[in-house]
Amino acid sequence: MTQPLADLPNLGEKTADWLLAAGIPSEFELRQLGTIEACRKLLLNGQDINLLMAYALAGAIHDHHWNKLPPSLK
């Protein structure tokens, strides 16, 4: 089941707006792209990306808080 981007763990309205502006309109698209490609699209769209943003996106993709990501994924 798909939900609004802002409802995914670690994401809010502002991040959802950034993702939409970068051409990532849905949870499905975010999951298909993965963390690295989503970060690349955000960078290409002019957003500043840092490690915590990458962790937040990875956590959203894996459906849990970013600080629960396994070290191997970080």
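**Salt bridges and a bent helix**

A search of this whole predicted model finds two salt bridges.

Reader: What makes arginine 31 and glutamate 27 a salt bridge?
Author: Their closest N and O atoms are 2.6 Å apart. The cut-off is 4 Å between a side-chain nitrogen of Lys or Arg and a carboxyl oxygen of Asp or Glu, so the pair qualifies.

Reader: Where do arginine 31 and glutamate 27 lie?
Author: Both are in helix H2, four residues apart, about one turn of the helix.

Reader: Why is glutamate 27 called buried?
Author: Its relative accessible area is 6%. Buried means under 20%, so glutamate 27 is buried.

Reader: What does the side chain of glutamate 27 reach at 2.6 Å, besides arginine 31?
Author: The side chain of glutamate 27 reaches the backbone nitrogen of glutamine 3 at 2.6 Å. The limit for a polar contact is 3.5 Å, so this distance falls within it.

Reader: Why is arginine 31 called partly exposed?
Author: Arginine 31 has 30% relative accessibility. Partly exposed runs between 20% and 50%, so the term applies.

Reader: How do you know that arginine 40 forms a salt bridge with glutamate 37?
Author: The closest N and O atoms of arginine 40 and glutamate 37 are 2.5 Å apart. That is within the 4 Å cut-off, so the pair counts. Both residues lie in helix H2, three residues apart.

Reader: Are arginine 40 and glutamate 37 buried or partly exposed?
Author: Arginine 40 is partly exposed, at 40%. Glutamate 37 is partly exposed too, at 26% relative accessibility.

Reader: How do you know that H2 is not a straight helix?
Author: H2 covers residues 27-44, 18 residues in total. A straight helix would reach 26 Å at 1.5 Å a residue, but the end C-alpha atoms of H2 are only 20 Å apart. The helix bends by about 105° at glycine 34.

Reader: What covers the buried residues of H2?
Author: The cover includes helix H1 (13-21) and helix H3 (51-62). Among the buried residues of H2 are Leu30, Gly34 and Leu42.

Reader: Which residues touch the most other members of the largest nonpolar core?
Author: Leu5, Leu8, Leu11, Leu19, Leu30 and Leu57, out of 17 residues. H1, H2 and H3 each supply at least two residues of this core. H3 gives the most, with five.

Reader: What does leucine 19 touch?
Author: Leaving out residues up to four places away in sequence, leucine 19 touches Leu5, Leu11, Ile24, Leu42 and Leu57.

How values were computed:
Residues numbered from 1 in each chain as written. Predicted model: local features only at pLDDT ≥ 70, side-chain atom pairs only at ≥ 80, totals over all residues. Heavy atoms only, no water. Expected span 1.5 Å × (residues − 1). Bend = angle between axes of the 7 residues up to and from the residue. Buried < 20%, exposed > 50% of the residue type's maximum accessible area, 1.4 Å probe, protein only. Contact = heavy atoms within 4.5 Å. Core = buried A, V, L, I, M, F, W, Y, C linked by side-chain atoms within 4.5 Å. Polar contact = N/O pair within 3.5 Å; in protein donor to acceptor, adjacent residues only side chain to side chain.
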